[in-house]
Amino acid sequence: MPTPEDARAGLVADLVRDGRLRSPRIRAAMESVPRHLFLPGLAPDAAYADEAVPIKSDGGVTVSSVSQPSMVAIMLEQLDVAPGHRVLEIGAGAGWNAGLLAHVVGTAGAVTTVDIDDDLVAGTRAHLAAAGLDRVEAVTADGAGGYPPSAPYDRIELTVGSTGVRPEWVAQLAPEGRLLLPLTVRGSQLSVAFAHTGPGRLVSTSVRSCAFVRLRGAGADPGADAELSGGGWTVQPSCRSGDGAADPRVLERVLDEPGKDRPAPVRCTVSDLWDGLGLWCALADTAVVRLLGPPGDGLASALFGVAGARVALGLASADGCALLLADPRATVRSFGPGGEAAADRLVALADGWLRAGRPHAADLRIDAVVPELVPAPGAGPPGDAEIVDGAGTRLRVAWGIGPG
Ligand SMILES: C[S@@+](CC[C@H](N)C(=O)[O-])C[C@H]1O[C@@H](n2cnc3c(N)ncnc32)[C@H](O)[C@@H]1O
């Protein structure tokens, strides 16, 4: 069994080798902050594996975890945090990322971390004290409101997913500050780093794909997922029905039919369903859905396999749907009277993605305007999609090579 020090050095070497850990100050923090003290009871090789570790669940659903080291490294690079910064973290968990932030900002800076659960904050305080980093302010609070007592902040980092950019966070940012959050955009969760360019205005500096638990409390979003009766299928629409999405229950009526196949113009990977092709399609057409279900025979066996489940990208109209299938070969299968037309739309979208060179989340630029903080928001240049997010913030999303 390796010592904690050896296991930590091995993890850092791996993160540097695959390019996720680049800047010396974040590398120094990863080398120095002992992750195993934030996961008491775990053997060193488990504490330093590149995996998220669930630490709290509610009704069988994970509500808190210690994040995956490679994701934490990617986000700290996105955050561009530096010595002397005043930082707010929303989502303390066990306190590991807060410890890393404290190491980077040093004694000239300040870190406040909040979590909605008392027991997690108590654990965070104990772990930080064990690591000699108890200068971090750890508070029980609903981070939906930010944390006004220690504002303004040079950096605000959420380590919990949100469906919107809340005005409270933007209002608590220093003029040149940055906000980093896992933001759901048309069904894909993206880690978006925003630069604060003026009151109520943000411009993305970097976008990456990610997978975080969602905000609870005042910022919780009930979601628009629809569970279909029979078969264990869930449909994730890419936007709410009021925004032009079709009723996902159309799938319930047609999925038992045999369907009609045509070759798909593209063979994509599972990650493309959220990060590449799926994001491209959902930004272009509000009828795009993802279908998720348990493994099984029949249709399920033809879907993409992901983490013990099955998933397909689809397009649902009022009277039919089309799904992109993975096995035995890339196929578009249409169902119902409107299925052929839905398949035409899905194929045209996939063709467009191929012609554009298979762009991914990292190629996106997102401008955000918080109406209540901007006296005269104005129109601005057109984007590929205009979205009002779950907090009422206006997002203008455009494809192009992202800045970083
Ligand atoms: C993925 S965990 C955080 C990981 C952690 N930062 C780390 O160092 O690994 C997400 C955390 O967000 C917390 N959370 C959820 N909703 C919240 C809210 N409204 N305000 C503050 N924290 C919240 C959860 O309790 C959970 O501990």
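Colleague: How much space lies in the largest cavity?

Modeller: This is a predicted model, in which local features need pLDDT of at least 70 and side-chain atom pairs count only at pLDDT 80 or more, while totals for chains, interfaces and linings use all residues. Residues are numbered from 1 along each chain as its sequence is written, and side-chain values use heavy atoms, with hydrogens and water left out. A cavity is a set of points, on a 1 Å grid over the protein atoms alone, where a 1.4 Å probe fits but cannot get out. The structure holds 1 cavity of 30 Å³ or more, and the space in the largest cavity is about 40 Å³.

Colleague: Which element gives the largest share of the lining of that cavity?

Modeller: Lining residues have an atom within 4 Å of a point, and for the largest cavity they are Pro-265, Leu-277, Cys-281, Leu-313, Leu-324, Val-332, Leu-346, Val-347 and Ala-350. Two or more of these come from each of α10 and α12 (339-355); helices are DSSP runs of H or I with at least four residues, and strands are E runs of at least two, numbered from the N terminus. The largest share, 3 residues, belongs to α12.

Colleague: How do the lining residues divide into nonpolar, polar and charged?

Modeller: Ala, Val, Leu, Ile, Met, Phe, Trp, Tyr, Cys and Pro count as nonpolar, Asp, Glu, Lys and Arg as charged, and the others, Gly among them, as polar. The division for the largest cavity is no charged, no polar and 9 nonpolar.

Colleague: Back to α10, then: how many of its 8 residues are buried?

Modeller: Buried means under 20% relative accessible area, exposed over 50% and partly exposed in between, with a 1.4 Å probe and protein chains only. Leu-277, Gly-278, Leu-279, Trp-280, Cys-281, Ala-282 and Leu-283 are the buried residues of α10. The rest of the structure largely encloses this helix (residues 277-284), because the buried count is 7.

Colleague: Trp-280 caught my eye; which residue has a ring that is tilted against that of Trp-280?

Modeller: Rings of Phe, Tyr and Trp (its six-membered ring) pair if their centres lie within 6.5 Å, and planes under 30 degrees apart are stacked, over 60 edge-to-face and the rest tilted. There is 1 aromatic pair by this rule, with centres 5.5 Å apart and planes at 40°, so the rings of Trp-280 and Trp-399 are tilted. The pair ties together parts 119 residues apart in sequence, because Trp-280 lies in helix α10 and its partner in strand β20 (residues 394-399). That partner, buried at a relative accessible area of 18%, is Trp-399.

Colleague: How many disulfides are there?

Modeller: A disulfide is a pair of cysteine sulfur atoms within 2.5 Å. The sulfur of Cys-321 is 14 Å from the closest cysteine sulfur, in Cys-281, too far for a bond, and Cys-321 is buried at 1% relative accessibility. By this rule the count is 0.

Colleague: And the backbone: which residue has a positive phi of about 40° although it is not a glycine?

Modeller: Most residues other than glycine have a negative phi, and most peptide bonds are trans. Arg-186, in the loop between β7 (173-185) and β8 (188-198), has a phi near 45° and is buried at 13% relative accessibility. The residue with about 40° sits in the loop between β14 (304-306) and β15 (309-317). Exposed, with a relative accessible area of 82%, it is Ala-307.

Colleague: Finally, to which residue does the cis peptide bond from Ala-151 lead?

Modeller: The bond has omega near 5°. In the loop between β5 (137-140) and β6 (153-158) lies the residue you want, Pro-152.

Technical notes. 1 Å grid on protein atoms, 1.4 Å probe; cavity = no way out; pocket = protein on both sides within 12 Å on 5 of 7 lines; lining within 4 Å. Points joined across faces, edges and corners; volume = space filled by probe spheres on them.
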